Amino acid sequence: MSEHPATGPGGLDGTGADFRVLPDVASRALGGAVLYASNDFYADAHSLIDPRPAGHDPAAFGARGKVYDGWETRRRREPGEDFVIIRLAAPAIVRGVNIDTAHFRGNYPQFGSVDGATLLGYPTAAEVRAAARTPLADKTDLGGDRSNLVPAAVPDRLVTHVRLTIHPDGGVARLRVFGEEVPDP
């Protein structure tokens, strides 16, 4: 988790419980994986699920500019948004998410949302991209350089994949998806 101040409901789900005590079921450490990113021009989407806190080196610059530890998209010149699809480590009941914008001060997305899909077994990439989704975290204002904690809008839905959508573009350091794992039957 980021060491930055939290915004929003403070990590409480609809029952008043702190969802941050649950495992991060999107974490690479548990087996989560980034399956698709619509745009990761400045920074690789795979950093989103790194279990370590986001780092920052003010002197780090690469071929495309400032190097950030997180997912950063190219600025949009036309309407739309960018998204990334993540396979959870195990099917889970999602209780809340943290769209962490640590170290992104001027180039974070204005809004973010998270949708979930349930695809048991071994779906193809095309099936995952085309799957019907349920909103888990409705489109919400994001603050820069902080944890943006959002309780799940549908807290009793089994989810195997999540899609983080940023509106319209920018940088997100980490996506944490807190939930209760349910074994795949």
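Helices and strands here are DSSP runs, with at least four residues for a helix and at least two for a strand, numbered from the N terminus. Counted that way, the protein chain in this predicted model has 1 helix and 12 strands. Reading from the N terminus, the order of elements is β-β-β-β-β-β-β-α-β-β-β-β-β, and that string is a handy map to keep beside you as you look around.

Let's begin with the chain as a whole. The protein chain has 185 residues, and 48% of them count as buried. Its accessible surface comes to about 8,700 Å², with 52% of that belonging to carbon and sulfur atoms. Sequence distance matters here too: among contacts with a separation of 6 or more, 80% are between residues 24 or more positions apart. We will meet a few such pairs along the way.

How far can the model be trusted from place to place? The average pLDDT of the protein chain is 87, and 88% of the residues score at least 70. The start of the chain is another matter, as pLDDT stays under 50 over residues 1-8. The model still has 22 contacts beyond four places in sequence for that stretch. Where pLDDT is low, the predicted coordinates should not be read in detail.

Now step inside, to V162. This residue sits in strand β10, which spans residues 158-167. Is V162 buried or exposed? With a relative accessible area of 1%, V162 is buried, because buried means under 20%. Its surroundings can be listed by name: beyond its neighbours within four places in sequence, V162 is in contact with V84, I85, I86, L88, V114, D115, G116, L136, L175 and V177. One of these, V114, is 48 residues away along the chain, yet the two C-alpha atoms are separated by 6.6 Å.

Two of those contacts, D115 and G116, lead us to another residue, T134. D115 and G116 also touch T134, as do V154 and R157, again not counting residues up to four places away in sequence. T134 belongs to strand β8, residues 134-141. T134 is buried as well, at a relative accessible area of 16%.

Strand β10 also helps to line a pocket. The largest pocket has a volume of about 270 Å³. Of its 15 lining residues, R87, L119, G121, P123 and H161 are the closest to the centre. The elements that give two or more residues to this lining are β6, residues 82-100, and β10. Strand β6 supplies the largest share, 5 residues. Sorted by class, the lining holds 9 nonpolar, 4 polar and 2 charged residues.

Since β6 has come up, look at A90, which lies in that strand. Leaving out residues up to four places away in sequence, A90 touches V159 and E181. A90 and P183 are 93 residues apart along the chain, while their C-alpha atoms are separated by 6.8 Å.

E181 turns up again with P23. P23 and E181 are 158 residues apart in sequence but 8.2 Å apart in space, C-alpha to C-alpha. P23 is in the loop between β1 (6-7) and β2 (33-37), and it is partly exposed, with a relative accessible area of 34%. Outside the residues up to four places away in sequence, P23 touches L30, V177, F178 and G179. V177 is a name you have already seen, as one of the contacts of V162.

Finally, visit some loops where the backbone deserves a second glance. Which two residues does a cis peptide bond join? They are H167 and P168, with omega about -5°. P168 is placed in the loop between β10 and β11 (171-172).

Two other loop residues have a positive phi without being glycine. H103, in the loop between β6 and β7 (111-117), has a phi near 75°. D145, in the loop between β8 and β9 (147-151), has a phi near 55°. How accessible are these loop residues? H103 counts as buried at 16% relative accessibility, and D145 is buried with a relative accessible area of 16%.

Technical notes:
Residues numbered from 1 in each chain as written. Predicted model: local features only at pLDDT ≥ 70, side-chain atom pairs only at ≥ 80, totals over all residues. Heavy atoms only, no water. Buried < 20%, exposed > 50% of the residue type's maximum accessible area, 1.4 Å probe, protein only. Contact = heavy atoms within 4.5 Å. 1 Å grid on protein atoms, 1.4 Å probe; cavity = no way out; pocket = protein on both sides within 12 Å on 5 of 7 lines; lining within 4 Å. Points joined across faces, edges and corners; volume = space filled by probe spheres on them. Nonpolar A, V, L, I, M, F, W, Y, C, P; charged D, E, K, R; others polar. Areas by Shrake-Rupley, 256 points an atom, 1.4 Å probe, with all protein chains shown as cover. pLDDT = per-residue confidence, 0-100.
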